[in-house]
Amino acid sequence: MNEELRKLRDQALAGLQAASDADALEEWRIEYLGRKGTVTNLMRNIGQVPFEERPAYGQAANALKGELTDAFDARQQALVQESLAAEMAAEGVDVTLPGRRPQLGGVHPSNQTLREIADIFATMGFQVYTSRDVETDEYNFELLNMPPGHPARDMWDTFYTTTPGVIMRTHTSPGQIHAMKELGPNKPIRVILPGMCYRYEQVSARAEMMFHQVEGLAIGRNVTMADLKGVIVEFANQLYGAGRKLRFRCSHFPFTEPSVEADVDCILCGGTGCAVCKYTGWLEIMGAGMVHPTVLRNGGYDPAEWSGFAFGMGPERITMLKSGISDIRYFFGNDLRFLEQFG
Ligand code: DAH
């Protein structure tokens, strides 16, 4: 390599080292390796070199071009690395820090109980039927044997809407009529109806204005009170543990005849008496009864041929008893400290 080329090489390499960003690098490339760059021109000028020296000159010029091209690529790589490192340093990412875990949601305690109830009734052939939250007075009351002005309506404090006759359902019982109309007539039915209910309540530790219920309905040609008792006893034993004692008390609901309320022996004291069962030894778990002939007829069934039983229970109440929760307002207070306990 002659002196001139060596000088050019040193100068180019020094310039390359000095190029500290993409723009400077591009300027350098144009200056040395571009179409009219110094190194490119070396080949063009070969004609001015004495004839005998041309092969050596050509080789040296080519070698220089190759060397500078490689050096350029290396410098470009190095600059990319440098700027990446600078960017990372600026963002201050410490990759050794532990990650932030996404917070996982859980199943709401009410829904856990609803699922448990649905699983138990599934073992007895009950399917889940869902029915609407916004109801008509007709379905919520009239078709359930409570015509306008019926005193039993007082048992349900109702939310009315601005549309006359349209209300928020106060219980899941109107779903019985929907189920009968949709699945019947003249066909047996075995369904549970879980859902939210709404009441114009003075909110307290024992009463919320929204809560769940699970309704049950079984209709067949020979369904009797014995079937009702068998199903409830089986349900209570699966939910609260084997060997539970059940008690059926006479009661009154306009949509069942006869009507009962079912009690289970207190799951806390086992029947000896405690604060939870108010020293009675019993806990009320549901209302139930044989579907009233008028209700069967309203659902499209002939009470001379068909009979059925129904029941209704509150999963929040069940959860409160099972988990020792003293205030129903926790369920819809959205307080994570409460909800996380049911993770
Ligand atoms: N709907 C009643 C209530 O909200 C509960 C109930 C009682 C439902 C007896 C029934 C039943 O199906 O047979 O208080």
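**Legends to the close-up views**

**View 1. Asn-145 belongs to the loop that connects α6 (137-140) with β3 (166-168).** The model shown in this and the following views is predicted. In this model the phi angle of Asn-145 is positive, at about 75°, although Asn-145 is not a glycine. Lys-278 is a further residue other than glycine with a positive phi, here near 50°. The loop that holds Lys-278 runs between β7 and β8. Most residues other than glycine have a negative phi, so positive values of this kind merit a view of their own.

**View 2. The peptide bonds before Pro-185 and Pro-258 are cis.** Between Gly-184 and Pro-185 the bond is cis, with omega near -10°. Pro-185 is located in the loop between α7 and β4. The bond that leads from Glu-257 to Pro-258 is likewise cis, and its omega is near -5°. Pro-258 sits in a strand, namely β7 (residues 256-265). As background, most peptide bonds are trans.

**View 3. An open sheet is built from 7 strands with mixed pairing.** Read across the sheet, the order of the strands is β1-β4-β5-β9-β8-β7-β6. Which strands form the edges? They are β1 (127-128) and β6 (246-253), each of which pairs on one side only.

**View 4. Strands β6 and β7 form a hairpin.** Between the two strands of this hairpin there are 2 residues. The pairing of β6 with β7 is antiparallel and extends over 7 bridges. Within this pairing, Phe-248 stands opposite Ala-262 of β7.

**View 5. Strand β8 (residues 282-291) is joined to strand β9 (residues 307-313).** How do these two strands run, parallel or antiparallel? They are antiparallel, and 4 bridges join them. Ala-288 has Phe-311 of β9 opposite to it.

**View 6. Helices α5 and α7 are placed on the sheet.** Helix α5 (residues 109-122) lies across four strands, which are β1, β4 (189-198), β5 (210-220) and β9. The direction of α5 is at about 10° to that of β5. Helix α7 (residues 174-183) also packs on the sheet, where it touches β4, β5, β8 and β9. An angle of about 140° separates the direction of α7 from that of β4.

**View 7. Helix α5 meets helix α10 (residues 315-323).** The two axes come within 9 Å of each other and cross at roughly 100°. Because this angle falls in the range from 65 to 115 degrees, α5 is described as roughly perpendicular to α10. On the side of α5, the contact is made by Pro-109, Ser-110, Thr-113, Leu-114, Glu-116 and Ile-117. On the side of α10, the residues are Pro-315, Glu-316, Ile-318, Thr-319 and Lys-322. By class, this contact comprises 5 nonpolar, 3 polar and 3 charged residues.

**View 8. Helix α2 (residues 22-33) packs against helix α4 (residues 54-91).** Their axes come within 11 Å, with a crossing angle of roughly 175°. This angle is over 145 degrees, and therefore α2 counts as roughly antiparallel to α4. From α2, the residues Leu-25, Trp-28, Arg-29 and Leu-33 take part. Their partners in α4 are Lys-65, Leu-68, Thr-69, Phe-72, Arg-75, Gln-76 and Leu-79. The residues of this contact include 6 nonpolar, 2 polar and 3 charged ones.

**View 9. The second largest pocket has a volume of about 220 Å³.** Which residues line this pocket? One part of the lining is the run of Gln-103, Leu-104, Gly-105, Gly-106, Val-107, His-108 and Pro-109. The lining also contains Leu-336, Leu-339, Glu-340, Phe-342 and Gly-343. By class, the lining has 6 nonpolar, 5 polar and 1 charged residues. Pro-109, listed here in the lining, also appears in View 7 as a contact residue of α5.

Key:
Residues numbered from 1 in each chain as written. Predicted model: local features only at pLDDT ≥ 70, side-chain atom pairs only at ≥ 80, totals over all residues. Heavy atoms only, no water. 1 Å grid on protein atoms, 1.4 Å probe; cavity = no way out; pocket = protein on both sides within 12 Å on 5 of 7 lines; lining within 4 Å. Points joined across faces, edges and corners; volume = space filled by probe spheres on them. Nonpolar A, V, L, I, M, F, W, Y, C, P; charged D, E, K, R; others polar. Pairing = 2+ DSSP bridges. Contact = heavy atoms within 4.5 Å. Axes fitted to C-alpha atoms, helices over the stretch in contact; angles between N-to-C directions. Parallel < 35°, antiparallel > 145°, perpendicular 65-115°, else oblique.
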